[in-house]
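Reader: I'm new to this one. Could you walk me through how to read it?

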Amino acid sequence: MSGADTQLQPRKAGLSRRQKRAVSRGVQYVVFVAAVIAFAVLADWGQLKNQFAQWDLVKQMFPDVITLALKNTVLYTMSGFVVGLVLGMVIALMRLSSVGPYRWLAGIYIEIFRGLPALLIFVFVGVAVPLAFPGTEIPGGTYGKVALALGLVSAAYMAETIRAGIQAVPKGQMEAARSLGFSHARAMVSIIIPQAFRIVIPPLTNELVLLFKDSSLVLFLGVTLEERELTKFGRDLASQTANSTPILVAGLCYLLVTVPLGFVVRRLEAKAGEATK
């Protein structure tokens with residue numbers, strides 16, 4: 001068969017790549033809509049309303065859910081974040097140190113505290129520390145314990161994030177600083193670390209979101225009525241009323257903070273991506 005005859009043969013029928021993607025998206029939309037309709041038809045809305053949407057209980061939670069529970073949750077989170085950031089910076093510098101024992105200690109710390117569940121760290125701070133050091137009180141009472149527990153948990157992750165940020169700064173920055181007469185320590189503090197923090201702000205903000213949720217573990221330390229955070233506050237009221245509405249309201253209060261923070265993280269990541277283009 002000649003080349004001209006071959007060219008005249010009709011192509012085999014079939015979908016193009018773009019058409020296949022369009023069909024795939026259409027199927028996914030259909031499945032999603034079908035799942036929503038099935039949920040709307042099969043769900044017992046009366047039972048859901050009785051268990052999760054009692055307006056009288058919602059009104060009963062205010063203003064304490066904001067002025068007490070949410071306030072304590074924010075205080076716990078911020079104090080833990082500060083402790084974790086300071087400790088994480090120290091560990092990151094130890095990981096980058098030329099002194100072998102510093103690197104080994106930092107590596108052991110990171111592997112241990114990244115591998116342990118956060119609940120065990122809270123138990124360790126609340127139970128093991130008082131047993132190991134009788135008569136010793138952590139400054140700040142419950143707030144100090146939570147700050148230490150959250151700080152220990154987050155420091156391992158922050159240390160690796162900060163270390164990666166420092167290593168992402170071009171080596172020429174350090175060389176230029178040293179050529180201008182800066183010592184290594186002064187160059188790190190004045191030039192390298194500030195640039196590294198601009199790089200790691202998005203992941204550190206994401207760590208703040210995770211800490212905000214982990215603050216719910218404070219209930220395992222044993223808290224007074226005035227020290228309750230959102231989860232403890234919601235659970236106590238749910239137990240008293242035999243209704244889950246307080247837990248739903250507490251969850252919505254978490255979203256009041258985590259959703260805007262998530263938006264901030266996405267914006268920071270987008271700006272960081274534009275800066276690297």
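**A guided look**

Author: Let's start with Arg25, which is partly exposed at a relative accessible area of 47%; that label covers values between buried (under 20%) and exposed (over 50%), using a 1.4 Å probe and protein chains only. Arg25 sits in helix H2, residues 17-42. Keep in mind that this is a predicted model, where local features need pLDDT of at least 70, side-chain atom pairs count only at pLDDT 80 or more, and totals for chains, interfaces and linings use all residues. Residues are numbered from 1 along each chain as its sequence is written, and side-chain values use heavy atoms, leaving out hydrogens and water.

Reader: Which residues gather with Arg25 in a patch of positive charge?

Author: Arg17, Arg18, Lys20 and Arg21 join Arg25 there on the surface. A patch takes residues with over 30% relative accessible area and no salt bridge, and joins like charges within 9 Å.

Reader: What about backbone oddities?

Author: Most residues other than glycine have a negative phi, and most peptide bonds are trans. Here, the bond from Phe62 to Pro63 is cis, with omega near 5°. Pro63 lies in the loop between helix H4 (55-61) and helix H5 (64-95). Ala242 has a positive phi, near 55°, and is exposed at 63% relative accessibility.

Reader: Which residues touch the most other members of the largest nonpolar core?

Author: Ile91, Tyr109, Phe122 and Val146, out of 45 residues. Such a core is a set of buried Ala, Val, Leu, Ile, Met, Phe, Trp, Tyr and Cys residues joined through side-chain atoms within 4.5 Å. H8 gives the most to this core, with 11 residues.

Technical notes
Patches are made of residues with over 30% relative accessible area and no salt bridge: like charges are joined within 9 Å, nonpolar side chains (Val, Leu, Ile, Met, Phe, Trp, Tyr) within 5 Å. Accessible areas come from the Shrake-Rupley method with a 1.4 Å probe; for residues, only the protein chains shown count as cover. A salt bridge is a side-chain nitrogen of Lys or Arg within 4 Å of a carboxyl oxygen of Asp or Glu. Lys and Arg count as positive and Asp and Glu as negative; His and the chain ends are not counted. The place of a charge is taken as NZ of Lys, CZ of Arg, CG of Asp or CD of Glu. Helices (H or I, at least four residues) and strands (E, at least two) are DSSP runs, numbered from the N terminus.
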